[in-house]
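Student: I would like a close look at one part of this assembly. Please take the middle chain and its contacts, and then go on to the domains of its partner.

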Amino acid sequence: MCYLIVGNCAAGINAVEGIRKLDKNGKITVISDENYPVYCRSLITDYVAGTRKKEDILYREKDFYEKNKVDLILGETVKGVDVSKKEVILQKGNPLPYNKLLIAAGASSKPLSIKGEEKHGVFGFRTLHDAEEIIKTGEKTGKAVVFGGGLIGLKAAYGLKKRGLDVLVMVKSSRLLSRTVNAEAAAILDKWFKKNGISIRTGIGPQEILGNGNVEGVLLDNGEKISVKLVIVGKGITPNISLVKDSPIKTHLGIITDEFLQTNVEGVFAAGDVAETTDMVTGTGEVNALWTAACEQGRIAGMNMVRKDKKYPGSIGANSADFFGLPFMSVGYAGEIEEGYEELTGSNDPEEYSYKRIVLKGNRLVGFTTINKIENAGVYTALIRNKADISSIRDILPEDYFDYPKVKDLLERKEGFRESISPQGEIIRIA
Amino acid sequence: MKRVFVNLDKCLGCNGCMIACAVEQSSAGDLFKAISEMPLPVSRIEVKTVDEGGSFPLQCRHCEEPYCIDACIAGAIRKDPETGLVLSDEEKCVGCWMCVMTCPFGVIRVSLLPDKKGKIAVKCDLCQDRKIPACVEACHTGALLFCEVEQFISLVSKSKGDRDVLLNSR
Amino acid sequence: MDKTKERSIDKTTQDMLQRAKELNIPTAWDRLESMLPQCGFGKLGICCRNCEMGPCKINPFSEKEQTGICGASVDTIVARNFIRMIAGGAAAHSDHGRDIIHAFMLAAKGKTDAYGIKDETKLKVLAREYNVKIDGREINEIAEELSEKFFLEFGRQHGEMKVPQRAPEKRLKLWRELGIVPRGVDREIVETMHRTVMGVDNDYKNILMHGFRTALADGWGGSMIATDLSDVLFKSPEPITAKSNLGVLSPDEVNIVVHGHEPTLSDVVVDAVRSPEMIELAKKKGAKGINLVGMCCTSSEILMRHGIPVAGNFLQQELAILTGAVDLMMVDVQCIMPALSGVASAFHTKLVTTSPKNKAPGVTHVEFKAEKAYDIAKGIVKMAIENFPNRNGNGIHIPDKSEDLVAGFTAENIYNFLGGAYRATYRPLNDAIIQGRIRGLAGVVGCNNPKIKHNYGHIEMAKELIKNDVLVVVTGCSAIADSEAGLLQPEAAVKYAGKGLREICEAVGIPPILHVGSCVDNSRILIALTNVIREGGLGEDLSDLPVAGAAPEWMSEKAVSIASYFIASGVLTVLGSPFQILGSRKVTDFLCSEAEDIVGGKFVFEGDPVKAARIMIDHIDKKRKALKLKPLMYR
């Protein structure tokens, strides 16, 4: 058996491990256009911040590939997939044949799509290469502008501030994290970022990047010009689906997958930021481009490449981060309340940057946001994943003493879900 | 694999397991010194409450397919292929709390770093260096047991006759 | 054999522990093992059970400050628990004192068959102190009035107790300024209980200061009265030789062990076993005679006054029965392990309780009444004799080791042995300290505790102290430990003492370690120190003296009270294991540091007896320096 994995990040690596759980000997090839062994993409924040060195952000030991008998091809771009010949077309090398293919090609930073964007000094915030360039440019200038008030933008702003740069975050919409949290939580984080020395301006976007070759400044859409040599683009990501555009593999927001993470073509799977999966909360197809989801999808896809019998329960939007010592989490439905939804809040103290909000739809927990109150948060996540009926514990849900023993009888034990053994010796199954 | 189980009928909520765990996790390994360590050692077991004030000691379940491992963006949490233990390399932890966000049991806890400049996630390692985990050894009533799940089930059923003890008899 | 060696430094004890193991009879050490790990909340003193909103336990590992349900801080909880322990200890010592007054009163009224006034001199000294008219009165009349005065020390509701007035003037003034001169023994103990009830005192310093007051009511009250009246009633001790350790049990005599604390009945038993009637009865039953031996502080009481051999200290009580040679063990109060009845049931040994305050299920109870003490004592001796034929010859194992000892020192007679035989003076002792022949004085007292290798703490500490020319005075189980190591012999000075101390010991023929009695007799140490101050040349207050105290193997609440009245009297006191206070940083700081500025003494916790001795020596040196004394003669 010959397994081919396009992508050498969370999904790709976990796919290797998934395959090796069931097939110790099949040939595995991993191709990546990056030139590094697998690293923790999310830790580029820490790398930029200066709290982690490059060699300390490796996701697996250096001998991972050798131990797992993987042929690793770095610095090679996959141009396309020929599903009839069962081979992938490379930019430099000869086409590579496969029996089973996993597309885990990830995503790219969304561009600003404005004039002058190609100038040196404009970077995304996604790859180690981005990080190295940002650090280099940052050394020459003491100031950076970040476009985008989502998590990527904020992480970039945090990393740069930690490094000692003056940071200005520009948000086109009226507030931070407009797609991640509600206005109340956003206001707390806004205040916290400002308290920690990051400038934030809302309702403004860029119109043109100024300079000759190198960035010299930005022209804003209100006509204002600001002088800056380092621009970070944190406008979200776009799945790298171009490699399948000339193939019968179907795409929508990303590459469409079924419950086994297989694409519409037998033997071709997709996982990670490139894959569109069913969102457990909305029930619709989404690209939940998250490290956690990529790991899980990669592992399951890998196992299914060997023996297609492991169902993927679906993805869930789930983020957690720590900014200047303030922990923040947002899982599932986390925006403003719409009809059919309701919210529960605990003893919140925005002055103390402390916040907890639970979103319900009927008798189901569908989302939560916490700031500075993170312990036991996973219990909420479990309730969301298990689509548990929470009517009996509604009142205590947002309380600080809420924890696993309060829900131990509510978590259904569904076949096929992940197994754990409770302290009372029961098998617990959570999606 | 052997895990820590609890016979809830025997737990008196004394918190002895919690103290024993914190002492085990301290640098000094001695109660009197541990209570003044900076930072304070964090117990990996917590005695929670259930209805009617019953107590429920809880620590990492060392899941078959742990959510925390998928969630760990730093690759710090790994499953030991030989022992099945879910272990965290605290040096690697960056304190992103993804594991806390996904652990269905809520047993991953937050500890200050020695320099107090940051926090990391900490969890039960089933006292790898000991024959019996400190919490189990400390349990005066025998509520905590360290054994295979089958063994636990047969022990508890024996102690309760034909009552269905496994499905939350409390 | 290895484990038994870990458990005790004493060969005899090791031997008996091995026997316990072979016979599969658990001892305190085994029970400790099954109790491990012990409750951390209890050890830290952070569990409050004083009301039914609780129990409240403060998490010592929480970064957030936690309080009890009522809002009591961890400091309040720890302080409350601590002074309740003081109250327990003070109550025990003082109640013992009360019983002695009772016997003293009956003796004065001629209402007992056993007691009389044996030390008229001391009686008159006390009468003068209490303004009881002496001239032209019968001894009994004086005694009766005095007994009422002593009872009043317990029940006094206001003003100041009389006994603490014996303290040096400066000390008394300090206590008055601090408002901790005790009013009455019972009152202070009751007030401790009141203050620590839910919703009363929650200023930990205020709580602890009352703890001092309660402790002072013990050391300078109940205990001191117990000592004084015991001397009057049973005579003041004089130096006396005897033997010590389980080897004092006899294979062919009727062995009676008296165990506990009070001298009232045991002193009469001494008379009973010496009566020809009883000896004859014993011989009729096939025994060669009657062998009375003591255990714990009861032992010290009758050792000091009659030279009765010492069978052992606290942790040896079960082992005595394990010899199979004890025909009867008579117990009164305090430090009687409830486990004894279980051990006794494995042998022919008859266990007899005698105090209405201490009974045990299934154990013969012969109630002590001071009015008929001799009759009761004879009855008990008879029971022992009649039990002698029930011995199982094969089941007897008596270790052959015992040590010689000298005991019987008191605050009043110490001077006789330091060269001042013609005049009641502490001059020679003071001069020896001033000239640097003796570095200072140390009181090493207290219990055994299976958490600390039996006798190791006492013996190693005492050796280190005398090696450094510190004259050591000992009481209770500490004294017995030293006796078992041969340290209470004059020859020990040659073997272990520093040159200066040795010279003195050799010149006057005393051991380097002076046995001054049972644990209530710690009061003798306070009086001796006061006499040193009065003699002059070593400062004006007890806290000026080059002295230190220690309880290296403490376990009882009584030790908590003793240590507290020692620090409240200005004496640094080292404990072999910490008090149950470490859960509160503030309470610990107060008692282990700030207290020194307030009352002159403080606690130090040190488990290594040699290191502990070094701490005491450093403290003594510090005090010597402050007094500008000469350097040590031989350093």
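Tutor: What follows starts with chain B, moves to its contacts, and ends inside chain C. The model is predicted.

Chain B first. Six helices and eight strands make up its secondary structure. Read from the N terminus, the order is β-α-α-β-β-α-β-β-α-β-β-α-β-α. The radius of gyration is 16 Å, close to the 15 Å from the globule rule for 170 residues, so chain B is as compact as a globular protein of that length. Its C-alpha trace spans about 55 × 40 × 30 Å along the principal axes. Of the 170 residues in chain B, 53% are buried. Now take the contacts in chain B with a separation of 6 or more: 56% of them join residues 24 or more positions apart.

Next, the partners. Two pairs of chains are in contact, and chains A and B share the most contacts. That contact involves 41 residues of chain A and 38 residues of chain B. On the chain A side, the elements giving two or more residues are α7 (291–306), β22 (318–323), β23 (326–332), α8 (377–385), α9 (404–407) and β27 (418–421). Helix α8(A) gives the most, with five residues. By class, this side of chain A holds 19 nonpolar, 10 polar and 12 charged residues.

Chain C also touches chain B. Here 13 residues of chain C meet 15 residues of chain B. Helix α4 (residues 40–44) of chain C supplies the largest share of the chain C side, four residues. That side divides into eight nonpolar, two polar and three charged residues. Chains A and C have no contact with each other; their closest C-alpha atoms lie 14 Å apart.

Now into chain C itself. Its domains are domain 1 (2–57), domain 2 (74–234), domain 3 (246–395) and domain 4 (410–552 + 607–626). Take domains 3 and 4 of chain C. Their C-alpha centres lie 32 Å apart. The contact between them uses 11 residues from domain 3 and 13 residues from domain 4. On the domain 3 side, α13 (296–306) and β6 (310–312) of chain C are the elements that give two or more residues. Of these, α13(C) gives the most, with five residues. The domain 3 side has six nonpolar residues, four polar and one charged.

To sum up, chain B contacts chain A and chain C, while no contact joins chain A and chain C.

Notes: Residues numbered from 1 in each chain as written. Chains lettered and ligands numbered in written order. Predicted model: local features only at pLDDT ≥ 70, side-chain atom pairs only at ≥ 80, totals over all residues. Contact = placed C-beta atoms within 7 Å. Nonpolar A, V, L, I, M, F, W, Y, C, P; charged D, E, K, R; others polar. Rg over C-alpha atoms; globule rule 2.2 N^0.38 Å. Buried ≥ 20, exposed ≤ 12 C-beta atoms within 10 Å, placed from the backbone. Domains from an automatic or database assignment.
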